[in-house]
Amino acid sequence: MMESLEEIKARIQAAAPGVKIDIVANGSPSQQHSLLIDNEHAVGIAKFLRVDPALRLDFCSNATGVDWLDRTVKKTVKVKKLVDGEEKEVNETIEGKIPGYLEAVYHLYSITHKHGPVIIRMRTADRTDGARLPSLTPIWRSAEFQEREIFDLYGVRFDGHPDLRRILMWDEFQDYPMRKDYREPDDYEWEPTPHDEVLEKAKQHYPPRPAEEELKPS
Amino acid sequence: MSEQIDERLRTELQRQGVWVTSMQDLYNWGRKNSIWPLQFGLACCAIEMIATAASRYDIARFGGEIFRPSPRQADLMIVAGTVTKKMAPQIVRLYNQMADPKYVIAMGACAISGGPFKQGYNVLKGIDRYIPVDVYIPGCPPRPEALLHAFMELQSKIDSQKLTGAHKAVHLDPKQPSEFPVPTFGKHDLEPPGNPVVFQPPKIER
Amino acid sequence: MTPNPYLFIVIFVGVALAFPLIPLALAWIWRRIFQPSKPGPDKTSTYECGVESIGDAQIQFHSQYYLYAIILLLKRFAGGLKRK
């Protein structure tokens, strides 16, 4: 039985004090919680996870990207306020802004001990110039192509990657198509049965006749 | 050649043991019964194409079993599978290298329209954007019988092609092009996204 | 008068020449009458793999390449001798 994420976190921090690790809880039925490791020490932490005799996470089965746009989070806080001359506790909603970032997620297994997965995440500073992460390819060679794919589709630059090029799209391509704000080129032609987003496109390209608009019930 | 022999006279002669034909019929008969497809597959439709060529469905019954690995020796291009935008220039280039007369079968939903990937970012919305397609086969993937049906449709098309006159076959007309421009990789999409000479989306009156 | 015994060889050579030449001539005549030739940059290109060729085929290999090949050959040869 593999040790829990809390124990792993405690052991890493005991081995290397000053390393920042958070546990990202997963609320879904799978309950696959993950370790959010800090970019500066990521390679060291990865090495620890790989060579530690109790863990021996020698197999990186999957590396993928996640795009997080800017979001606003609403929080309800109880605030004491003067209402009609007397002090009362009032619920107040505070809007917090979380700037967007890109994330790389690695799923690690141990073939020696037959356990896993341990999921680690890294987050970039932002979604534009700061979209850089340390590459974990020197630790797990199987991450090479998958990091290239993350670079290709999400635009995360991996420092220390031996061969960071586009892998699926052509070299001249400039967009990052898996990002949530990616807009594909407007090459709508014709669709026999448009619906949803395609219907919106169809309306732009084939505006309805004015007579039809009048017929519509207002 | 352009003067067709009377059909009734021909059958009557055949009954008497005299076999009459025209140059056009002889030419088309020879062509339609030895169509050599180009041997390449792009996705899962290619598995059905392989099944069609193998012994159970046996495309050799229709004279199409000689899959050529070189475009210079092939008459027919079976576009079997998803054409990604990265693959499209290579397909067009192979088509350009085929010797006239040449025909194209677009096999499966992906090859005719992009299929389930139509709204995606990296799949071509049908190979007919760049090269003229003779027979379309719907299906995902089409069964081998469907490919055989398409093959027979193509044979009947070849059989009906004219040797002379205003409506003569495309490859006999010196004004018709044999090569089509190969798209290049652009910053956001293939450039150009389609060839208006070959493909024009249907205009709908709303 | 008996015919020259070598006559059948002459006939044989004539048939052997006519057999391939007649279809070729027919094809040539057919092309002249009906089928216009349509050459183009893609159609006449050397390679037929669909990918655009980069550079020229007439390049000079570095001499080190041949050295490697010779070393490899020697190793294989020496290995074969050793096994014997």
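This is a short walk through a predicted model, from chain dimensions to aromatic contacts, one cavity and some backbone details.

Conventions to begin with. The model is predicted, so local features need pLDDT of at least 70 and side-chain atom pairs count only at pLDDT 80 or more, while totals for chains, interfaces and linings use all residues. Residues are numbered from 1 along each chain as its sequence is written, chains are lettered from A and ligands numbered from 1 in the order in which they are written, and side-chain values use heavy atoms, with hydrogens and water left out.

I will take chain A before the others. Its secondary structure amounts to five helices and nine strands; helices here are DSSP runs of H or I with at least four residues, strands are runs of E with at least two, and both are numbered from the N terminus. Reading from the N terminus, the order is α-β-β-α-β-β-β-β-β-β-α-β-α-α. The radius of gyration of chain A is 24 Å, against a value near 17 Å for a compact globule of 218 residues. That radius is taken over C-alpha atoms, and the globule rule is 2.2 Å times the number of residues to the power 0.38. Along the principal axes, the C-alpha atoms of chain A fill a box of roughly 75 × 70 × 35 Å. Of the 218 residues in chain A, 37% are buried, where buried means under 20% relative accessible area, exposed means over 50%, and partly exposed is in between, using a 1.4 Å probe and protein chains only.

Chain C has two helices and zero strands. Its radius of gyration is 28 Å, where a compact globule of 84 residues would have one near 12 Å. The C-alpha trace of chain C spans about 75 × 50 × 20 Å along its principal axes. Buried residues come to 10% of the 84 in chain C.

Next, the aromatic contacts. Over all chains there are eight aromatic pairs. For a pair, rings of Phe, Tyr and Trp (its six-membered ring) need centres within 6.5 Å; planes under 30 degrees apart are stacked, over 60 edge-to-face, and the rest tilted. One of the pairs is B:Tyr27 with C:Trp30, which is tilted, at 4.5 Å centre to centre and 35° between the planes. This pair crosses between chains: B:Tyr27 is in helix α2 (residues 23-32) of chain B, and C:Trp30 is in helix α1 (residues 7-33) of chain C. B:Tyr27 is buried, at a relative accessible area of 14%.

Another pair is B:Tyr95 with B:Phe180; the ring centres are 6.1 Å apart and the planes are at 35°, so this pair is also tilted. It links distant parts of the chain, 85 residues apart: B:Tyr95 is in helix α4 (residues 88-97) of chain B, and B:Phe180 is in the loop between α6 (144-159) and β4 (184-185) of chain B. Both B:Tyr95 and B:Phe180 are buried. There is also an aromatic cluster made of A:Trp170, A:Phe173 and B:Phe185.

Two charges in chain A sit over rings, meaning that NZ of Lys or CZ of Arg is within 6 Å of the ring centre and within 35 degrees of the ring normal. A:Arg148 is over the face of A:Phe145, at 5.5 Å from the ring centre. A:Lys180 is over the face of A:Trp68, at 5.4 Å from the ring centre.

Finally, the backbone. Where are the cis peptide bonds that I want to show? One joins B:Asp100 and B:Pro101, with omega about -5°, and B:Pro101 lies in the loop between α4 and β2 (103-107) of chain B. Another joins B:Cys140 and B:Pro141, with omega about -15°, and B:Pro141 lies in the loop between β3 (135-137) and α6 of chain B.

As for positive phi, A:Asp196 has a value near 50° and is not a glycine. A:Asp196 belongs to helix α4 (residues 196-205) of chain A and counts as exposed, at 61% relative accessibility. B:Asp58 is also not a glycine and has a positive phi of about 55°. B:Asp58 is in the loop between α3 (45-53) and β1 (76-80) of chain B, and is partly exposed at 26% relative accessible area.That leaves the cavity. The structure holds one of 30 Å³ or more, a cavity being a set of points on a 1 Å grid over the protein atoms alone where a 1.4 Å probe fits but cannot get out, with lining residues having an atom within 4 Å of a point. It has about 60 Å³ of space. Its lining includes A:Trp190, A:Lys201 and B:Lys125.

Key
On a 1 Å grid over the protein atoms alone, a cavity is a set of points where a 1.4 Å probe fits but cannot get out, and a pocket is an open set with protein on both sides within 12 Å along at least five of seven lines; lining residues have an atom within 4 Å of a point. Grid points are joined across faces, edges and corners, and a volume is the space filled by probe spheres set on the points.
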